[in-house]
Amino acid sequence: MLVPPSWSRKAEALAARLGISYDHLLGVRFGVNVLIATSIVWFTLRELGDPSPMWAIAAVVAASDPEPETARKLFRSRIINVLVGCAVGFFFLLFGSGRPRMVPVSIAITVVISTYLVRVKTMWRQAPITAAIVIAAGIAGASTRVGIVRGLHRVAEVLFGSLVAMLVCWLMSQLWLVRRPDKQVASVTQK
């Protein structure tokens, strides 16, 4: 932990005096995490020439959590399901003629693969969403090649946003300790 334990105890005492609950503190830290992560993603991608990094911003919000262990699980699940959706989306983009009628078929097949073969339930909705993103990029691009480039770009944005969200969550958990009330009592009785 980067913050001295005495600071954490003082912060916990202040929160108790002000009537701020553990859940409220987590909510505030969640908001701060999202603010920091979306700022990092937005300004980094804009600096790299991305005119609208909205997929990365959406990924930050979807992969954020004030609890580091939950954020890690969300990240892992999101990565697995993004890769499944990406693979199915590219398959349909390359071999399904890239026509709009393929979107519902590819989404349904992605759901089946995600739920029955891969079976990573947390964030499993991400797989069909990613397949739709990839295929929609191909349809809008008017060519398979342009669609693949756009699809890869959007998937890279999602992965980058998810990674930043997890890293910010971990860092903030090190800088700003928010302990459950039962753990606060346990640490005071051990001293």
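**A nonpolar patch and the helices of the chain**

Leu14, Leu18 and Ile20 together form a nonpolar patch of about 270 Å² on the surface of this predicted model. Of these residues, Leu18 belongs to helix H1, which spans residues 5-18. Its relative accessibility is 57%, and because the threshold for an exposed residue is over 50%, Leu18 is classed as exposed.

The wider setting of this patch is a helical chain. There are eight helices and zero strands, so that the order of elements, read from the N terminus, is α-α-α-α-α-α-α-α. The chain comprises 191 residues, of which 39% are buried.

The arrangement of helices H2 and H3 can be described through their axes. Helix H2 covers residues 22-47 and helix H3 covers residues 54-63; their axes come within 9 Å and cross at roughly 160°. Angles over 145 degrees count as roughly antiparallel, and H2 and H3 are therefore roughly antiparallel to each other. The crossing in which H2 passes H3 is right-handed.

Further along the chain, helix H5 extends over residues 102-118. Which residues of H5 are buried? They are Met102, Ser106, Thr110, Ser114 and Thr115. Beyond the end of this helix comes Arg119, a residue with a positive phi, near 60°.

Note on methods
Residues numbered from 1 in each chain as written. Predicted model: local features only at pLDDT ≥ 70, side-chain atom pairs only at ≥ 80, totals over all residues. Heavy atoms only, no water. Patch = residues over 30% accessible without salt bridge, like charges linked within 9 Å, V, L, I, M, F, W, Y side chains within 5 Å. Areas by Shrake-Rupley, 256 points an atom, 1.4 Å probe, with all protein chains shown as cover. Salt bridge = Lys/Arg side-chain N within 4 Å of Asp/Glu carboxyl O. Helix = DSSP H or I, 4+ residues; strand = E, 2+ residues; numbered from the N terminus. Buried < 20%, exposed > 50% of the residue type's maximum accessible area, 1.4 Å probe, protein only. Axes fitted to C-alpha atoms, helices over the stretch in contact; angles between N-to-C directions. Parallel < 35°, antiparallel > 145°, perpendicular 65-115°, else oblique. Left-handed = near helix turned anticlockwise from the far one by under 90°.
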